[in-house]
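User: I would like to work through this protein by question and answer. Please reason briefly before giving each result.

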Amino acid sequence: MHSDATNFQLNSHLSTLASIHKIYHTLHRLNLTEDVGPDTHATACCSRAMPPRKKRRPTAGDDLSAKKSRQDKVCMCASVCVLISLDLSVGFSVYRKQEPSHIQETEAFSNKRCLEWFYEYAGCDEVVGPEGMEKFCEDIGVEPENVVMLVLAWKLNAQSMGYFTLQEWLKGMGSLQCDSTEKLRNSLDYLRSILNDATSFKLIYRYAFDFAREKDQRSLDLNTAKCMLGLLLGKTWPLFPVFNQFLEQSKYKVVNKDQWCNVLEFSRTINLDLSNYDEDGAWPVLLDEFVEWYKDREMS
């Protein structure tokens with residue numbers, strides 16, 4: 001919206017610049033400008049070739065009137081030009097103030113460098129596979145199982161764990177303005193900070209389910225689910241170790257998406273002593289069984 005307003009203002013100023021052109025030609029027709037350059041020389045030659053015409057000698061009154069009229073027109077037109085010039089300078093200064101940041105962003109990121117960087121890990125393929133991913137993690141100084149890699153995959157909108165396609169890489173790294181290992185290293189703290197935003201964390205948590213599951217399956221196998229839950233909730237949910245024990249001894253072999261999403265809601269809203277858990281609520285049976293198991297465990 002701001003950019004559109006600026007463009008409108010710039011177009012308006014360019015329009016007034018055209019008006020200056022018209023003013024100049026008006027002055028020229030009124031003999032208020034002097035020709036310079038080759039045309040002046042040509043005019044002088046013609047004047048010498050042609051005999052001068054006799055002119056009526058102006059009276060003192062005519063001379064003063066013409067002089068005053070000439071001065072008034074020059075002053076008026078000069079004032080208009082000054083005002084327009086000032087207006088233009090203000091408009092262009094506003095435009096220039098906004099322009100450098102956009103140019104700087106464009107110059108800071110190079111698609112060519114980003115493409116070359118991709119092929120350092122993809123080789124001749126159009127995808128970075130497990131081997132390339134291992135080298136990539138080593139270069140940026142992050143373990144593959146670090147949660148920041150999940151955040152990066154979310155930023156790239158990667159569809160399969162352990163793989164980055166060329167399209168995902170270019171689009172995601174472009175949004176991060178990273179076209180080299182060094183730039184991505186410098187962005188790692190920013191990627192970690194995203195986890196502190198509740199809304200972003202929820203999006204990453206939901207993304208993790210589809211990212212980690214086998215594409216021909218609608219659920220996560222239990223071992224993968226435990227690993228991903230540990231990655232996302234292990235350091236922030238005090239009940240996670242106990243919940244993990246429950247999963248290990250339970251009859252469940254997979255975790256579906258409804259169960260997955262409700263675990264996050266449970267971890268955010270239910271007290272550590274489970275005192276506010278409503279057994280008649282719309283919780284999945286998995287969590288009903290966990291609460292029952294936990295209470296029995298505490299009593300014994």
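User: What percentage of the 300 residues in the protein is buried?

Analyst: The model is a predicted one. A residue counts as buried when its relative accessible area is under 20%. Among the 300 residues of the protein, the buried share is 33%.

User: How many helices and strands does the protein have?

Analyst: Helices and strands are taken as DSSP runs, of at least four residues for a helix and at least two for a strand. On that basis, the protein has 4 strands, and its helices number 13.

User: What share of the contacts with a separation of 6 or more comes from residues 24 or more positions apart?

Analyst: A contact requires heavy atoms within 4.5 Å. Among contacts in the protein with a separation of 6 or more, the part owed to residues 24 or more positions apart is 69%.

User: Is F164 buried or exposed?

Analyst: F164 belongs to strand 2, which spans residues 164–165. Its contacts, leaving aside residues up to four places away in sequence, include F118, V127, F136, L156 and W169. Because its relative accessibility is 2%, F164 counts as buried.

User: What distance separates the C-alpha atoms of F164 and A153?

Analyst: A153 is one of the residues that F164 touches. The two are 11 residues apart along the chain, and their C-alpha atoms are separated by 8.0 Å.

User: Where does L274 lie, and is this residue buried or exposed?

Analyst: L274 is found in the loop between helix 12 (257–269) and helix 13 (285–299). Its phi is near 65 degrees, a positive value in a residue other than glycine. Since its relative accessibility is 1%, L274 counts as buried.

User: How is Q177 classed by its relative accessibility?

Analyst: Q177 sits in the loop that runs between helix 7 (166–176) and helix 8 (181–194). Phi of Q177 is positive, near 60 degrees, and the residue is not glycine. The class between buried and exposed covers residues that are neither under 20% nor over 50%. At 33% relative accessibility, Q177 therefore counts as partly exposed.

User: Which residues form the negative surface patch that includes D280?

Analyst: D280 is located in the loop between helix 12 and helix 13. With a relative accessibility of 72%, D280 counts as exposed, because the cut-off is over 50%. The negative surface patch is made up of D278, E279, D280, E292 and D296.

User: What percentage of the exposed area is supplied by carbon and sulfur atoms?

Analyst: The protein exposes about 19,800 Å². Of this area, carbon and sulfur atoms supply 54%.

Conventions. Residues numbered from 1 in each chain as written. Predicted model: local features only at pLDDT ≥ 70, side-chain atom pairs only at ≥ 80, totals over all residues. Heavy atoms only, no water. Buried < 20%, exposed > 50% of the residue type's maximum accessible area, 1.4 Å probe, protein only. Patch = residues over 30% accessible without salt bridge, like charges linked within 9 Å, V, L, I, M, F, W, Y side chains within 5 Å. Areas by Shrake-Rupley, 256 points an atom, 1.4 Å probe, with all protein chains shown as cover. Salt bridge = Lys/Arg side-chain N within 4 Å of Asp/Glu carboxyl O. Lys, Arg positive; Asp, Glu negative; His and termini not counted. Charge placed at Lys NZ, Arg CZ, Asp CG, Glu CD.
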